[in-house]
Amino acid sequence: MVIEQIKMPQLGESVTEGTISKWLVSVGDKVNKYDPLAEVMTDKVNAEVPSSFAGTIKELIAGDGDTLAVGEVICTIEVEGGNDEAAVVSEQKTEAAETVAVTTADQGNKARYSPAVLKISQENGIDLTQVTGTGAGGRITRKDLLKLIESGNIPVAGTKVEAYKQPETVQETVQVVSTQTAAPKQSAPAPNIPVEVGDIEIPVTGIRKAIAANMLRSKHEAPHAWTMIEVDATNLVEYRNSLKDEFKKKEGFNLTFFAFFVKAVAQALTEFPQINSMWAGDKIIQKKDINISIAVATDDALYVPVIKHADEKTIKGIAREISDLALKVRTGKLRSEDMQGGTFTVNNTGSFGSVQSQGIINYPQAAILQVESIVKRPVVMNNNMIAVRDMVNLCMSLDHRVLDGLICGRFLQRVKEILENTSKSTTSIY
């Protein structure tokens with residue numbers, strides 16, 4: 001027998017870790033190759049981890065609710081095809097690898113850290129040699145670093161801090177001593193809120209923690225700027241309403257306003273490719289493909305599946321993908337590949353009546369566009385007459401490291417132009 005390892009897979013672009021939400025097997029269970037072993041949650045997707053081997057489950061290394069970096073071992077499987085000696089050697093290699101991965105105080109510069117820990121420390125200027133971790137054997141975990149960042153108690157060379165702990169009283173604050181001049185004010189730690197009779201404590205799920213971590217990272221790293229433009233969608237509304245009933249009867253899915261907006265954004269991105277970019281530290285990556293991430297909400301989570309090559313699709317094709325992806329999210333059938341490769345996000349905030357909002361950028365993209373609710377309003381026309389028109393606000397958040405107001409303003413003007421000229425005589429949905 002040989003002992004094989006199952007590791008945490010990378011379930012999406014920029015995903016560095018996953019949380020075991022539920023084990024589907026137990027120690028001693030026999031599994032076939034490709035059988036599902038566990039349900040895993042990330043900030044982008046829920047997915048099942050399949051077995052890479054046929055054999056018997058020997059050990060579940062991670063428990064329900066545990067978060068592990070991509071590449072870390074989650075369980076081991078005993079498979080046929082070797083001898084006991086080979087199994088012993090394999091186990092010894094596993095133990096050796098785990099020993100190397102542990103960070104101890106006497107390892108100094110030779111310490112090994114998980115990819116997630118290294119990435120966060122490099123992006124936030126954290127001196128890992130000055131941090132005492134809370135993981136096994138003093139290992140520094142991703143949670144340790146996120147708590148330090150949130151508290152503002154980020155260690156610099158020459159200081160020593162321990163992993164941030166929740167203060168016992170609301171009055172406790174964190175004071176940061178740094179050699180830097182005019183350091184920015186850091187946020188205070190989360191308060192210890194007393195729970196009184198009648199209050200309801202709602203546990204934070206793994207996926208909610210993942211969403212929170214991704215949003216916090218986006219706000220910490222990307223300097224957000226915001227701009228808005230007003231669009232007269234009267235012609236678009238009349239055109240879509242004249243088609244929707246026949247379209248639904250013929251195609252079997254809805255022709256939504258959102259499909260028109262996604263198509264307009266995709267077309268404008270071909271003309272302003274700078275918007276379709278990402279920050280990469282010492283360079284900006286302008287993406288060739290235009291893949292539009294769309295936000296789809298459930299009762300307790302937000303997912304961002306991707307419409308690939310949106311600029312090459314018709315309005316009908318985009319409407320079909322919106323319908324299919326939304327159905328996958330709400331039935332729990334969304335796959336990791338459905339979430340990968342997004343280059344720009346469009347969020348349909350108008351679906352619940354919002355008329356103005358400021359979105360948080362979907363890291364590592366450079367911008368997000370919020371499509372607000374279409375509302376009837378009195379508008380002064382070119383002839384100084386007042387008319388009732390269907391108006392919609394488009395709100396754009398941008399990463400100011402990558403984009404400036406000028407290029408974003410021109411991009412929004414182009415989206416506005418496309419939408420205001422959408423009509424039966426100018427626009428085909430096929």
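**Helix packing and strand pairing in a predicted model**

Helix α6 passes helix α8 in a right-handed crossing. The two helices, α6 and α8 (residues 405-420), pack at an angle of about 130°. Their axes lie 9 Å apart. The angle makes α6 oblique to α8, because it falls within none of the ranges for roughly parallel, roughly antiparallel or roughly perpendicular. On the α6 side, the contact is made by Phe260, Phe261, Ala264, Val265, Gln267, Ala268, Leu269 and Glu271. On the α8 side, Phe411, Arg414, Val415, Ile418 and Leu419 take part. The model is predicted, and these features are read from it.

The chain as a whole contains eight helices and 21 strands. Of its 430 residues, 43% count as buried. Among contacts with a separation of 6 or more, 64% join residues 24 or more positions apart.

Helix α6 was examined further. It covers residues 257-271. At 1.5 Å a residue, its 15 residues should span 21 Å. The end C-alpha atoms are 22 Å apart, which agrees with that expectation. Eleven of the 15 residues are buried, so α6 is largely enclosed by the rest of the structure. The buried set consists of Phe258, Ala259, Phe260, Phe261, Val262, Lys263, Ala264, Val265, Ala266, Ala268 and Leu269. Several of these buried residues also serve in the contact with α8, including Phe260, Phe261, Ala264 and Val265. An α-helix has 3.6 residues a turn, so residues three or four places apart point the same way.

Another helix, α5, spans residues 234-251 and includes Thr234. Thr234 has a relative accessible area of 5% and is therefore buried, the limit being under 20%. Leaving aside residues up to four places away in sequence, Thr234 touches Arg389 and Asp390.

Attention then turned to the strands. Four of them form an open sheet in the order β1-β8-β6-β3. The pairing in this sheet is antiparallel. Its edge strands are β1 and β3 (30-31), each of which pairs on one side only. Strands of a sheet pair through backbone hydrogen bonds, either parallel or antiparallel.

Strand β8 (residues 73-79) has six of its seven residues buried, so it is largely enclosed by the rest of the structure. Strand β8 pairs with β1 (residues 2-7) in the antiparallel sense, over six bridges. Within this pairing, Glu4 stands opposite Ile77 of β8. Gln5 stands opposite Thr76, also in β8. Strand β6 (residues 55-60) pairs with β8 in the antiparallel sense as well, over four bridges. Here Ile57 stands opposite Ile77 of β8. Ile77 thus faces Glu4 and also Ile57.

A further antiparallel pairing joins β4 (residues 36-41) and β5, with five bridges. The bridge partner of Ala38 in β5 is Val49. Strand β5 runs over residues 46-50 and has two contrasting faces. Ala47 and Val49 make up the covered face. Asn46, Glu48 and Pro50 make up the uncovered one. In a regular strand the side chains alternate between the two faces of the sheet. Val49 therefore combines two roles in this description: it belongs to the covered face of β5, and it is the bridge partner of Ala38.

Terms used
Residues are numbered from 1 along each chain as its sequence is written. This is a predicted model: local features need pLDDT of at least 70, side-chain atom pairs count only at pLDDT 80 or more; totals for chains, interfaces and linings use all residues. Side-chain values use heavy atoms; hydrogens and water are left out. The expected span of a helix is 1.5 Å times one less than its number of residues. Buried means under 20% relative accessible area, exposed over 50%, partly exposed in between (1.4 Å probe, protein chains only). Two strands pair if DSSP finds at least two bridges between them. Axes are lines fitted to C-alpha atoms, for helices over the stretch in contact, and angles run from 0 to 180 degrees between N-to-C directions. Angles under 35 degrees count as roughly parallel, over 145 as roughly antiparallel, 65 to 115 as roughly perpendicular and the rest as oblique. A crossing is left-handed if the near helix is turned anticlockwise from the far one by less than a right angle, and right-handed if clockwise. Contact means heavy atoms within 4.5 Å.
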